[in-house]
Amino acid sequence: MNEVLKFIEDCGVYFLATMDGNKPRVRPFGTIMLYENHLYIQTGKVKEVSKQIAKNPNVELSAFKDGKWIRVSGNLKRDERVEVKKAMLDKYPNLRGMYDENDANTEVLYFEDGVATISSFTDKPIVIKL
Ligand SMILES: Cc1cc2nc3c(=O)[nH]c(=O)nc-3n(C[C@H](O)[C@H](O)[C@H](O)COP(=O)(O)O)c2cc1C
């Protein structure tokens, strides 16, 4: 799990794919956190990405660095606990300009039954269950 977190952190940016009806939507994301051994991301409930996840929590993210790439797929589950939102905003204090753990917009979600795969052109893929 730490390997997954570190890989994504080192990439800095990942791309999160959701489904908008039957159309895929992809956008850059950066927030990533391990909490209670779950991989969390952060967004705002007012965003289309949040509405898409609420309708269909099946997502995939991908990122790339140094000839290796990662895919994480699974269902995202919303966590409404203030302490988890706080932990996320403490990790990314710049977000506090837009978000607060007690506002109605801040959303943190974690991968449930997720699978991470780290691949490269040379090595066998490493598969990690989340
Ligand atoms: C480098 C980078 C990192 C980003 N990280 C996040 C993030 O972690 N969470 C988020 O909600 N938006 C993040 N954004 C902004 C989203 O990409 C942007 O709001 C996007 O339009 C959301 O998707 P949507 O339009 O389908 O709702 C980031 C943007 C960039 C350029």
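Biologist: What makes aspartate 66 count as exposed?

Modeller: Its relative accessibility is 71%, and exposed means over 50%, so aspartate 66 earns the word. Bear in mind that this is a predicted model. Aspartate 66 is found in the loop between β5 (58-65) and β6.

Biologist: What is notable about the phi of aspartate 66?

Modeller: Phi is positive there, about 50°, although aspartate 66 is not a glycine. Most residues other than glycine have a negative phi. Asparagine 37 also has a positive phi, near 65°, and lies in the loop between β3 (33-35) and β4.

Biologist: Is asparagine 37 buried or exposed, and how do you know?

Modeller: Asparagine 37 has a relative accessible area of 53%. The cut-off for exposed is over 50%, so asparagine 37 is exposed.

Biologist: Why is aspartate 79 called buried?

Modeller: Its relative accessibility is 7%, and buried means under 20%, so aspartate 79 counts as buried. Aspartate 79 belongs to strand β6 (residues 68-79).

Biologist: What makes the link between the side chains of aspartate 79 and arginine 81 a polar contact?

Modeller: The two side chains are joined at 2.9 Å. A polar contact needs a pair of N or O atoms within 3.5 Å, so 2.9 Å meets that limit.

Biologist: Arginine 78 lies in strand β6 too; why is arginine 78 called partly exposed?

Modeller: The relative accessibility of arginine 78 is 39%. Buried is under 20% and exposed is over 50%, with partly exposed in between, so 39% gives partly exposed. The C-alpha atoms of arginine 78 and serine 50 are separated by 9.8 Å, with the two residues 28 apart along the chain.

Biologist: Let's turn to the rings. How many aromatic pairs does a search of the whole structure find?

Modeller: The search finds four aromatic pairs. In one of them, tyrosine 14 and phenylalanine 29 are 6.0 Å centre to centre, with 55° between the planes.

Biologist: Why is the pair of tyrosine 14 and phenylalanine 29 called tilted?

Modeller: Ring centres must lie within 6.5 Å to pair, and 6.0 Å satisfies that. Planes under 30 degrees apart count as stacked and over 60 as edge-to-face; 55° fits neither, so the pair is tilted. The pair links distant parts of the chain, with tyrosine 14 in strand β1 (residues 14-20) and phenylalanine 29 in strand β2 (residues 23-29), 15 residues apart. Both tyrosine 14 and phenylalanine 29 are buried. Elsewhere, Tyr35, Tyr40 and Tyr110 form one aromatic cluster.

Biologist: What sits over the ring of phenylalanine 7?

Modeller: The charged end of lysine 65 does, 4.7 Å from the ring centre. The distance limit is 6 Å, so 4.7 Å is within it.

Biologist: And the ligand: which residues surround it?

Modeller: Among them are Val13, Arg27, Phe29, Gln42 and Glu48. The largest share of the shell, three residues, comes from β2. The shell divides into four nonpolar, four polar and three charged residues.

Biologist: What polar atom of arginine 27 is an oxygen atom of the ligand 2.7 Å from?

Modeller: An N or O atom in the arginine 27 side chain. With glutamine 42, a polar backbone atom is 2.9 Å from a nitrogen atom of the ligand. For glutamate 48, a backbone N or O atom lies 3.2 Å from a ligand oxygen atom. The protein covers 61% of the 630 Å² of accessible area that the ligand has on its own.

Definitions and conventions: Residues numbered from 1 in each chain as written. Predicted model: local features only at pLDDT ≥ 70, side-chain atom pairs only at ≥ 80, totals over all residues. Heavy atoms only, no water. Helix = DSSP H or I, 4+ residues; strand = E, 2+ residues; numbered from the N terminus. Buried < 20%, exposed > 50% of the residue type's maximum accessible area, 1.4 Å probe, protein only. Lys NZ or Arg CZ within 6 Å of the ring centre and 35° of its normal. Near = heavy atom within 4 Å. Polar contact = N/O pair within 3.5 Å; in protein donor to acceptor, adjacent residues only side chain to side chain. Areas by Shrake-Rupley, 256 points an atom, 1.4 Å probe, with all protein chains shown as cover. Nonpolar A, V, L, I, M, F, W, Y, C, P; charged D, E, K, R; others polar.
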